[in-house]
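Hi,

Here is the structure I said I would pass on. Have a look, and my notes follow below.

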Amino acid sequence: MAELQQHNPAIILCTLNAKYIHASLGLRYLLANMSRHGRPELAAQTLIVEYTLARQTADMVEDLLAKLGPVNLGQTQIIGFGVYIWNVLQTTVLVRQLKMARPSIKIILGGPEVSHEIEQQDIVQMADHVITGWGDVSFPKLCNALVYGPKPLMKVIQGEQPPMDQIELPYQHFSDDDLAHRVLYVEASRGCPFKCEFCLSSLDKTAWAFDLSPFLNELDILYKRGARNFKFVDRTFNLKIESSIQILQFFLDRLASESPENLLVHFEVIPDHLPDRLKAMIAQFPPGVLQFEVGIQSFNEEVQKLISRRQDNVQTEANLRWLITQSNAHLHTDLIFGLPGETMESFAIGFDRLWAIGPQEIQLGILKRLRGTPIDRHTQTHGMVYDAQPPYMVQQTKDLDRTSIQRFARMAKYWDLVVNSGRFKKTISLLMAPTETQNSAFWSFMQFSDALWAGTGKTYGLSPEILVDGVFDYLTKARGFDADLVRPLLLEDYLASGARARPQCLAQERLLLGGDKLDQVHTNGGELQSFKNRQNRHVA
């Protein structure tokens with residue numbers, strides 16, 4: 001007991017999340033395994049501290065040091081940081097200032113960004129230890145060695161990958177506040193058997209599943225505590241159909257017994273692997289519950305082959321069409337621009353193919369060279385040039401010059417603001433209509449993007465009113481649509497969006513502004529329902 005009093009460790013598990021609604025699953029795994037793979041005394045003195053990228057560095061330093069308290073004689077204080085592509089720059093500054101303020105703190109790094117190519121990273125130079133790969137077992141062991149000895153000899157430690165049943169599940173460490181206000185990340189498996197070269201999971205030999213019974217029991221506990229927003233981070237949720245069916249049945253059972261409101265379950269699915277048994281389960285879900293993230297990435301077969309991506313495009317298209325017509329699942333589909341061998345023209349063909357299928361959302365991403373991924377082998381042969389700073393976005397390729405990639409990047413921003421936002425559901429058909437020169441949805445929206453950029457000169461800070469006027473000007477001037485056709489569609493979209501100002505193109509319309517009462521505005525039935533829906537959303 002005297003030894004424990006002499007060594008009174010304080011361990012903080014910390015990361016910088018992109019937004020508050022994100023709750024770090026990795027930190028909770030480390031805390032859950034601290035007792036089993038370290039010792040109970042360590043677990044009792046370990047604290048999770050999460051910030052967002054918007055937090056000032058000085059504030060974080062002050063807060064972390066206050067939580068650690070003053071250094072007592074013989075005490076070891078440890079901060080472990082989860083480092084990712086989106087937070088490495090800010091975390092580097094934070095580590096530097098922490099070390100300046102209190103050099104005795106032991107800084108341990110882990111996470112994807114510091115698991116590969118670590119030699120030249122500034123943050124690694126400042127840290128005391130780095131764990132590459134899995135940290136569930138290795139982090140508690142390292143903390144145990146730092147506090148109780150023997151002191152570790154190596155700075156860089158290869159993370160130990162234990163059998164899955166040796167990993168304690170972390171879900172008890174989601175607080176009631178997490179359940180009420182944040183997305184809950186859960187996983188039934190880790191790893192991926194596929195070898196897509198742009199993805200870190202391509203380094204995995206296979207996928208490893210947690211034992212399903214304990215996992216479902218943890219989900220049941222979360223559900224009974226009030227959790228209703230579950231985001232599965234499994235790279236291949238529908239890889240093993242038996243497990244997929246049991247997990248879907250878990251949620252169907254709860255829907256049948258309670259008909260809960262606001263239940264949302266998100267899965268990442270393989271697009272060309274949807275057997276009939278799985279379809280039968282999916283078809284039973286009501287609207288608003290299932291969300292599928294479907295990584296298409298590219299329909300270009302030559303590009304797929306080049307990056308070692310196995311995908312049956314015909315089956316993928318058939319499955320997407322089935323999901324859209326025969327299920328209530330919301331489809332979030334992904335395309336990646338800038339892959340080796342992809343041209344603007346070939347990407348446009350793939351985009352048009354996906355647009356014609358009709359998923360609810362198309363996410364337009366730009367290739368990033370994640371540290372350690374095999375995509376690097378194409379750098380010389382395909383003239384791949386990447387930004388030296390995170391997120392290491394491709395700047396040019398043999399087939400795409402810088403101007404083309406910058407042009408696409410603007411289009412992707414506008415695509416999110418106009419299409420993925422859902423603010424222009426009625427007007428989007430005009431924006432995507434064929435032009436006089438090309439029967440292509442991609443090039444139609446690209447033409448709008450070019451016009452909006454020419455008119456505003458920015459992709460950020462565009463209010464809903466600026467966007468409405470930008471759409472109106474483009475459709476009536478550049479595309480020649482009659483203003484009497486465009487204005488009613490924009491009016492309906494604007495009212496449904498809940499915005500409360502006055503775009504110039506709708507200046508003569510009777511709009512519900514901030515502070516107005518509904519009975520002050522003369523509306524038709526559709527507008528009235530839009531007002532009511534909007535008011536309900538504001539009340540909620």
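To start: what is the sign of phi at Gly69, the residue that follows H5? The phi of Gly69 is positive, near 80°. Bear in mind throughout that this is a predicted model.

Since we are at H5, here is the rest of that helix. H5 covers residues 57-68, so there are 12 residues in it, and from first C-alpha to last it reaches 17 Å, close to the 16 Å expected at 1.5 Å a residue. Its buried residues are Thr57, Met60, Val61, Asp63, Leu64, Leu65 and Leu68. The cover over them includes three strands, S1 (10-17), S2 (46-52) and S3 (77-82), along with helix H6 (88-101).

H8 (residues 138-148) also has a glycine after it: Gly149 follows the helix with a positive phi, near 80°. H8 is largely enclosed by the rest of the structure, because 10 of its 11 residues are buried. Those buried residues are Ser138, Phe139, Pro140, Leu142, Cys143, Asn144, Ala145, Leu146, Val147 and Tyr148.

Next, the part I spent my time on, H19 and its neighbours. H19 runs over residues 464-478, 15 in total, and spans 20 Å between its first and last C-alpha, close to the 21 Å expected at 1.5 Å a residue. Just after H19, Gly480 has a positive phi of about 80°. On the buried list for H19 are Glu465, Leu467, Val468, Asp469, Gly470, Val471, Phe472, Tyr474, Leu475 and Thr476. Among the elements that cover them are helices H16 (402-420), H17 (428-431), H18 (441-456) and H20 (483-497).

Two of those helix pairs have packing details. A pair like this is described by the angle between the axes and the distance between them.

H18 with H19: the axes are 10 Å apart and the packing angle is about 120°. That angle makes H18 oblique to H19. The crossing of H18 past H19 is right-handed. From H18, the residues at the contact are Ser444, Gln447, Phe448, Ala451, Leu452 and Thr456, and they meet Ile466, Leu467, Gly470, Val471 and Tyr474 of H19. By class, that contact is made of 7 nonpolar residues and 4 polar ones, with no charged residues.

H19 with H20: here the axes come within 10 Å and cross at roughly 160°. The two helices are therefore roughly antiparallel to each other. H19 passes H20 in a right-handed crossing. On the H19 side, Pro464, Glu465, Val468, Val471, Phe472, Leu475 and Thr476 take part, and they meet Ala483, Val486, Arg487, Leu490 and Tyr494 in H20. This contact has 9 nonpolar residues, 1 polar and 2 charged.

Three single residues are also worth a look on your screen.

Ser444 sits in H18. Is Ser444 buried or exposed? Ser444 counts as buried, because its relative accessible area is 0% and the cut-off is under 20%. Leaving out residues up to four places away in sequence, Ser444 touches Leu431, Met432, Ala433, Pro434, Thr435, Tyr474 and Arg479. Tyr474 also appears in the H19 side of the contact with H18. As for Leu462, that residue is 18 residues from Ser444 in sequence and 21 Å from it in space, C-alpha to C-alpha.

Ser189 belongs to strand S8 (residues 189-191). Ser189 is buried too, with a relative accessible area of 12%. Which residues is Ser189 in contact with, leaving aside its neighbours within four places in sequence? They are Trp208, Ala209, Phe210 and Asp234.

His330 is in strand S13 (residues 330-337). With a relative accessibility of 28%, His330 counts as partly exposed. Setting aside neighbours within four places in sequence, the contacts of His330 are Leu290, Gln291, Phe292, Gln360 and Glu361. His330 and Thr91 are 239 residues apart in sequence, and their C-alpha atoms are 35 Å apart in space.

That's what I have for now. Shout if you would like to go through any of it together.

Cheers

Definitions and conventions
Residues numbered from 1 in each chain as written. Predicted model: local features only at pLDDT ≥ 70, side-chain atom pairs only at ≥ 80, totals over all residues. Heavy atoms only, no water. Helix = DSSP H or I, 4+ residues; strand = E, 2+ residues; numbered from the N terminus. Buried < 20%, exposed > 50% of the residue type's maximum accessible area, 1.4 Å probe, protein only. Contact = heavy atoms within 4.5 Å. Axes fitted to C-alpha atoms, helices over the stretch in contact; angles between N-to-C directions. Parallel < 35°, antiparallel > 145°, perpendicular 65-115°, else oblique. Left-handed = near helix turned anticlockwise from the far one by under 90°. Nonpolar A, V, L, I, M, F, W, Y, C, P; charged D, E, K, R; others polar.
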